[in-house]
Amino acid sequence: MPVTFAHPAFAWPLRRWGLAATPLVVGALVPDVAHLLPRSPWTDHTALSLFTFALPVGWLLSLLVERVLGPGWARLAPERWSAPLAKSFRPHTPLAPTAGAVFAGALTHLLLDHVTHAYGAGARILGFHAQIPILDLPIYRALQYGLGVIGSVLVARSLVRWDHARGQAALSPEETRPLWVLAAGIGLFAVVWGHRRSSWLPLRVRIHDFAVESVACTLVLTAVVLLLLGLIGAAMQRSWPR
């Protein structure tokens, strides 16, 4: 799918099997980290990469999130989110269950990508390279966009419901202003980046490439911002605990 952060929506139902939330979500996201590296069967959306990349990298990232970034986000979060976040990211998952949850999340990612991308064996076997006349798109690409939107909506809905469960009082302008500033900055940079990368292309191709480049830029910048905020918050937590 084009939206990496939509993948956890399709891994989340596996929670009913008792899989830990943090490594499951990390596992659903980690295969796309390979896009930042040179392409290789060892890293890039292959069955082999589940064992050589997704599992070890996802396990390490899960530890980082639970022990460093999660407490850091809790430290910087608005007051009503702070305690629930600190509780959610408290490290408690032993090695084997963590690895199992990471593997399960990464497997859902690869299975989805292999029916929604041109390179996928699933798309080829199921005949998803056929065109949809009305949309003028191959089936796999329509699924890619459609599931990306559905997953994004489900993730957003879950976050809103999680926030509502914390209490009915709205966040104050002072609490929301930094969030809006960050979102606006990331969005502006992504639009400029997408335009620069696609402005020389024909109009029809330009629209597609602009969307892809902008989304990719948004995802990378969001991940970088979350990483930096988590590290800053963790440093503050060590120096000035709440």
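**A walk through the helices**

Start at L85: leaving aside residues up to four places away in sequence, L85 touches W73, A74, A77 and W162. Keep in mind as we go that this is a predicted model.

Two of those neighbours turn up again when we zoom out. A74 and A77 join L85 in the largest nonpolar core, a set of nine residues that also takes in V26, V65, L69, W81, F89 and L171. Helices α3 and α4 each supply at least two residues of this core, and the largest share, three residues, comes from α3. There's also a second, separate core: seven residues, including L14, L19, A101 and A104. Finding cores like these fits a broad trend, since nonpolar side chains in soluble globular proteins tend to be buried together.

Now follow A101 and A104 into helix α5, where both are among the buried residues. This helix runs over residues 95–116, and you can check its length yourself: at 1.5 Å a residue, its 22 residues should span 32 Å, and the end C-alpha atoms are indeed 32 Å apart, so the two agree. What do the buried residues of α5 pack against? They pack against α1 (8–11), α2 (21–29), α3 (47–76) and α7. The buried set isn't just nonpolar names, either: T98, H109 and D113 are in there too.

Next, look for charged partners. The count comes to two salt bridges. In one of them, the side chains of R80 and D163 meet, with 2.6 Å from N to O. R80 sits in helix α4 (residues 79–88) and D163 in helix α7 (residues 139–165), so this pair ties together parts that are 83 residues apart in sequence. R80 and D163 are both buried.

The other salt bridge links R39 and D44, whose closest N and O atoms are 2.6 Å apart. Are these two buried or exposed? You get one of each: R39 is exposed, with a relative accessible area of 70%, while D44 is buried, at 9%.

Finally, head to the surface. Here V33, L36, L37, L61, L76, V220, V224, L227, L228, L231 and I232 form a nonpolar patch with about 870 Å² of accessible area together. The elements that give two or more residues to this patch are α3 and α9 (203–239), and α9 gives the most, with six. V220 is a nice one to pick out: it lies in helix α9, and its relative accessibility is 40%, so V220 counts as partly exposed.

Methods
Residues numbered from 1 in each chain as written. Predicted model: local features only at pLDDT ≥ 70, side-chain atom pairs only at ≥ 80, totals over all residues. Heavy atoms only, no water. Salt bridge = Lys/Arg side-chain N within 4 Å of Asp/Glu carboxyl O. Buried < 20%, exposed > 50% of the residue type's maximum accessible area, 1.4 Å probe, protein only. Helix = DSSP H or I, 4+ residues; strand = E, 2+ residues; numbered from the N terminus. Expected span 1.5 Å × (residues − 1). Contact = heavy atoms within 4.5 Å. Core = buried A, V, L, I, M, F, W, Y, C linked by side-chain atoms within 4.5 Å. Patch = residues over 30% accessible without salt bridge, like charges linked within 9 Å, V, L, I, M, F, W, Y side chains within 5 Å. Areas by Shrake-Rupley, 256 points an atom, 1.4 Å probe, with all protein chains shown as cover.
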